[in-house]
Structure formats: C-alpha cells, structure tokens
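Biologist: Please take one part of this chain and go through it closely. I would like to know how the pieces around it fit together.

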Amino acid sequence: MTHPHEASLPAARRRALGAHYTPPALARRLVEVALDGLDRSAPRFCDPACGAGAFLLATGEALVARGLARVQVATDLLHGCDTDPLAVDAARAAVREWSGVDPGDHLQVTDGLDAGRRWSGRFDLVVGNPPFLNQLSTATVRREALHPELRRLEGAYTDTAWVFLVAALTLVDEGGRVLLIQPQSVAGARDAQAVRVEVQRRAVLEGMWSAPGKVFPDTAVRVCAPLLRIGGPPAASVRRWQGLDVAPATPIEVPGPGSWAAALCPPDPPPSGSIPERVDARLGSLVTATAGFRQQFYGLVPYVHDAEHGADPLLVTSGLVDPAGIAWGRRPVRFAGRRLMHPRVDLRALGGGDPRLHDWVRARLVPKVVLATQTRVLEAAVDATGCWVPSTPVIAV
C-alpha cells in the first residue's frame, strides 16, 4: 500500500528525492533479518533516510515483541533523518501515534550522508532504504557536495544509495549491523567496486537479500540489501534471502570485493511450455525503441574522444556490438573517419556546446538493450548500468 505522504508527492518530486517508499511488510521482514542474532538487549536504531517511517515502525514493533516498552523504544532507541521535512513530519506523527509520545530530536531534517556528526553516540543497528539517485540523470543528479571522507567514492556513475552504504558504517558501533536497500548494480557494477572494497575493508559481509522482480511501483530498478557487521570474525559463509517474503535461500562462499553478484539470488526461470499464441500487450506499451539520425551522428563528432579511463560514458557503434556483449576497449572502431580504441562522449563539453543534443544523450543513459543494425545478423547487448551512448544507427530499447 502506498503511504499517504508518498502518494501526495508528484512523480517528478519523487524522482528528484530518489524516494521509493518501502512496503511495511517488507520493512518488517528485513528488520527481523538484521536483528537475528544481534547481541543487544536494547539496540539503538537509526534510519538515515527514514521517509515516512516504515523502518522506524517496523523496528519499534520488533523491539516491543522482544519485551521492551513502547515509550522506551520511541524516546530512547528510535532515530531517523531525511532531507524532506514533510517526510520527517509524517514519520514523527507515525511514531507518536504508535507509541503515544513524541520522539523529540531523535527525528531530524538533515542529510543522512552527514548524520554521523549530528547524533550523540553510535548505533547498534542501521536499516533503511536510502535514495536512489542516478548521477547521469539531470533530474536526480546530486546538488550538494559530499563530505571529504566520502568524496573519493564519487564518480559519474556512483549512485547516492551506494555512498549511503559506506556512510552508514560510521554510524554503527562495534558488533552492530547495517542493512540498506540498494540497486542491484552495487553487487557487480565496475563503478561500484570502490564502494565494495571500502565496505569489506571496514565490515563483514554476513548476508544478502535480493528481489528478482519489481519492488517499487514507479521504478524498474531491481534491488538488494547487503547485511553488514562491524568488526568481529570473518563470516564462514554469506546467508541469503530472496523475494518480498524474504524467504531463506542457500548460503554461498564469501565473495571478494571484485563482485558480489554471486550473492544475489537468480531470478525465477521462465515458465516451461510453449509460447502463447496471443498476448494482451504490445511491445510498444512496455518499452521504447529509438535510434538517432544524421544530426545526432554528426553532432557528436566534435565531442567524442579516446580515453581508456574516465567518467564519461562509452560510445557504442554497431561495429562494437557483439551477441550479448560489446567489444569496447577490446578492438578498435572507426567513427567519423577516426580510429578509436576507447571512444567516449565528453558530456561536459557537449552540455556547453549543444544543449539539445546533450539532453538527447542523457535520455539514453538508462538501462537498455542495444541492437546493432547493418550487420549480417541482428546482435543485441544489455547495458545494465546505463552508461552507453548508442551511436546512430544503433537502436536503444
């Protein structure tokens, strides 16, 4: 069920905030996962992006079920913050209605990435759903500068939710736990490796929850939640849970920071049997398929440069698309009469030189399938992180 505060926010405002509110039932189950085995009789809890308070209430109920009084929980143990004042007001009202007391300054209007200097003392448990803010989208790009301790993790593709995962480690006391919902890209994306390295340098990866399908109604991003412990012995294995019901799955060996992808539960296999003769929806109602024209091809020419490393998105031509992958960086390609091994698009220069074309490129920097045309066979590859610029006549789906 959509929370009234979330329902009152226009779609554009939700995107700008990265606000995708957690279903209460899912919040309750994830809190139970985080509390399981935590050796604390009265754990101090913090949600650094509390929204309307789903995780605050879920944690409150879980602690009351363990024998604590509601007043004690609300006034001593529950803490949260958010940049949206209306969300904090909604969370405050929810906690007050649940407990009969006001949580006071335990709920604050502040940036969760800066929360470490706002609270007195550390917490035993940090659980929540931080904002998903893709830095390649104008609507969701971060406007505020990061704290110097976090700035080294920042890049063009660094989702703000990833940074929250690292920032949460500074909020938790020895032996405490962190569980924050993340885009699944945190587990395998190349640009999230600095985050994974930092997390496993400072914490133990104890578990992983993942959802193979859609969790939030207004985004197609698949999500997961690493379960992290501060200090203590290494984990013998990584526990796993899957789906909206957070059902236990088979544990795996502890992965290295190179990739956590093996910790994600695979999606359900497609149903067996024959393909139905008729479906009720057309492909056009599910996706868009676009390709540029001469003006997009020639318009990009002055802004394409050759760079193996950097934050600029990759230019992908038909000649670089192979079945199920691209050969970017593995073989050269000719573009507008130039031979390039690592073609990239200079977004900053493009924005200053051709704002309309810049907007066209930005609109295509989303997860997509690219299809090569003018080739002997139809070749397709998946851009899971949305960092490829399709060069005309590549089709972006």
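Modeller: I will start with a hairpin and then work outwards to the rest of the chain. β9 and β10 form this hairpin, with four residues between the two strands. In the turn, G243 has a positive phi of about 80°. The model is a predicted one. Strand β9 covers residues 238-242 and strand β10 covers residues 247-252. Their pairing is antiparallel and runs over four bridges. One of the bridge pairs can be named: V238 has I252 in β10 as its partner. Strands of a sheet pair through backbone hydrogen bonds, in either a parallel or an antiparallel sense.

The setting of this hairpin is a chain with 13 helices and 21 strands. The chain has 397 residues, of which 50% count as buried. Among contacts with a separation of 6 or more, 72% are between residues 24 or more positions apart.

Antiparallel pairing is also found in an open sheet of three strands, ordered β19-β18-β21. Its edge strands, β19 (379-383) and β21 (395-396), each pair on one side only. Strand β18, residues 368-372, pairs with β19 over five bridges. In that pairing, A372 is bridged to E379 of β19. The side chains of β19 alternate along the strand. E379, A381 and D383 point to one face and are buried, whereas A380 and V382 point to the other face and are not buried.

Some backbone details in the loops deserve a look next. Most residues other than glycine have a negative phi, and most peptide bonds are trans. A324 has a phi near 70°, a positive value in a residue that is not glycine. A324 sits in the loop between β13 and β14 (325-326). With 72% relative accessibility, A324 counts as exposed. A336 is not a glycine either, and its phi is positive at about 50°. Its loop runs between β15 (333-335) and β16 (338-340). A336 has a relative accessible area of 38% and so is partly exposed. The peptide bond between T392 and P393 is cis, with omega about 10°. P393 belongs to the loop between β20 (388-390) and β21, and β21 is one of the edge strands of the open sheet.

T317 is another loop residue, placed between β12 (314-316) and β13 (321-322). T317 counts as buried because its relative accessibility is 8%, and buried means under 20%. Leaving aside residues up to four places away in sequence, T317 touches V333, F335, S391 and V394.

Turning to the helices, α4 (residues 54-65) packs against α5 (residues 70-77) at an angle of about 130°, with the axes 9 Å apart. The two helices are therefore oblique to each other. Their crossing is right-handed. On the α4 side, G60, E61, L63 and V64 take part in the contact, and they meet R70, V73 and L77 of α5.

Helix α4 also packs against α6 (residues 85-99), with axes that come within 10 Å and cross at roughly 20°. At that angle α4 and α6 are therefore roughly parallel to each other. This crossing, too, is right-handed. The contact involves L56, L57, G60, E61 and V64 of α4, together with A91, A94, V95 and W98 of α6.

P43 has a place beside residues of these helices. P43 is in the loop between α3 (24-35) and β1 (45-47). Its relative accessibility is 4%, so P43 counts as buried. Not counting residues up to four places away in sequence, P43 touches L35, L38, L63, L77 and D124. The C-alpha atoms of P43 and L77 are separated by 6.7 Å, although the two residues are 34 residues apart along the chain.

The last element is helix α8, residues 160-169, which is mostly covered: ten of its ten residues are buried. Among them are W162, F164 and L169. At the start of α8, a side-chain oxygen of D159 comes to within 2.9 Å of the backbone nitrogen of A161.

Key. Residues are numbered from 1 along each chain as its sequence is written. Side-chain values use heavy atoms; hydrogens and water are left out. Two strands pair if DSSP finds at least two bridges between them. Buried means under 20% relative accessible area, exposed over 50%, partly exposed in between (1.4 Å probe, protein chains only). Contact means heavy atoms within 4.5 Å. A polar contact is a pair of N or O atoms within 3.5 Å; within protein, one must be able to donate a hydrogen and the other to accept it, and residues adjacent in sequence count only if both atoms are side-chain atoms. Axes are lines fitted to C-alpha atoms, for helices over the stretch in contact, and angles run from 0 to 180 degrees between N-to-C directions. Angles under 35 degrees count as roughly parallel, over 145 as roughly antiparallel, 65 to 115 as roughly perpendicular and the rest as oblique. A crossing is left-handed if the near helix is turned anticlockwise from the far one by less than a right angle, and right-handed if clockwise.
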